[in-house]
Amino acid sequence: MIMKIYHRWILLGMIFCIPLASKAQDNQKLHFITDPTLSPNGEQVVFTYENDLWQASTQEGKAFRLTAMEGVESHPRFSPDGRWLAFSSTKNGSADVFVMPVEGGEITQLTWHDGNDYLESWSWDSQNLYFTSDRHNQFTTFKVQRTGGTPVRLFDNYFNTPHHMVEHPEDGSLYFTESWESYRFPQRKRYKGAHNPDIKSYNPQTKSYKEHTSYIGKDFWPTIDRKGNMYFVSDEYNDEYNLYTFENGKKKRLTGFDRSVDRPQVSANGEKVVFCKGYQPFLYDVPSGQTSALNL
């Protein structure tokens, strides 16, 4: 069964952009933003604020409201072709996955379960979505078609708990983390122990498995662009989460903040990375290596 909700985001945008614009005019930075994500060209940012999704230009910063559903809308993700925006919502109590056209239109519910389904990413052909769910045993990754249908569990076995799943654009390898620490306790800093998360990958075609990091600490939250460049966070530098990448297969630090960044998301074109720091959004410009606050 697929549920469709008429999405009047143009009207809502006209109504609800006024309070945000007023705060910007008062030179007050908007706080308590979470889950920012970028459009494929890096020109638009969508984020969660006051339990709904909002959209703004990364240049102007004037936000308008996209959703006004019951519950909490979170984990927004643009499809690589730029046509769709998917997200999770607790409209029905537990979190389910929804999708809507970027240009406005019907909101379609894709998953229905008493467990919580939290969206992670899209396949590069924009036809499938990856989400993490606790609907079966502990938690693991599932895949569902953009048009709906029965979700498919990617990994069997009770002890397989992959999450933060992203697909490589070239060979289809699935990059993820697999740890209680990175899923249940991402906010806990300075953990070092047997459950420290690492960046891992599995190729469904060749059935090859690889661990890309081995630091006894936290390496997690991978995000990848269309060219296969990967970004993630690690606390190796100063026990705070900073932005890292791989250069020639080796781990490379990109930022040195003394305050942790929260779940980065790279634009599909690879030009920008967005993340929150102190509940405010920041943009990392890949070509220049500079970080700037996104003032809304």
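Biologist: How many salt bridges does the rule count come to here?
Modeller: The model is predicted: local features need pLDDT of at least 70, side-chain atom pairs 80 or more, while totals for chains, interfaces and linings use all residues. Numbering runs from 1 along each chain, and side-chain values use heavy atoms, without hydrogens or water. A salt bridge takes a Lys or Arg side-chain nitrogen within 4 Å of an Asp or Glu carboxyl oxygen. By that rule, the count is 12.

Biologist: Okay, which residue does Lys-200 form a salt bridge with?
Modeller: Look at the closest N and O atoms of the pair, which sit 3.8 Å apart. The partner of Lys-200 is Glu-178.

Biologist: And how many residues apart in sequence are the parts that this pair ties together?
Modeller: Lys-200 belongs to strand β16, residues 200-203 (DSSP runs: helices H or I, at least four residues; strands E, at least two). Glu-178 is in the loop between β15 (174-177) and α2, so the Lys-200 and Glu-178 pair ties together parts separated by 22 residues.

Biologist: Is Lys-200 buried or exposed?
Modeller: Buried is under 20% relative accessible area, exposed over 50%, partly exposed in between (1.4 Å probe, protein chains only). Lys-200 comes in at 12%, while its partner Glu-178, at 22%, counts as partly exposed. So Lys-200 goes down as buried.

Biologist: Which residue meets Asp-239 in a salt bridge?
Modeller: The N to O distance for this one is 2.9 Å. Asp-239 sits in the loop between β19 (230-234) and β20 (242-247), and the pair links distant parts of the chain, 47 residues apart. At the other end, in the loop between α2 and β16, is Lys-192.

Biologist: What relative accessibility does Lys-192 have?
Modeller: Asp-239 has 27% and counts as partly exposed. Lys-192 also lands in the partly exposed class, and its relative accessibility is 42%.

Biologist: How far apart are the closest N and O atoms of Lys-252 and Glu-247?
Modeller: Both ends of this bridge are partly exposed: Lys-252 has a relative accessible area of 34%, and Glu-247 has 42%. The two side chains form a salt bridge, and the closest N and O atoms are separated by 3.0 Å.

Biologist: Last one: which residues are linked with Glu-181 in a network of salt bridges?
Modeller: Here the bridges join up rather than standing as a single pair. Along with Glu-181, the network takes in Arg-188 and Lys-218.
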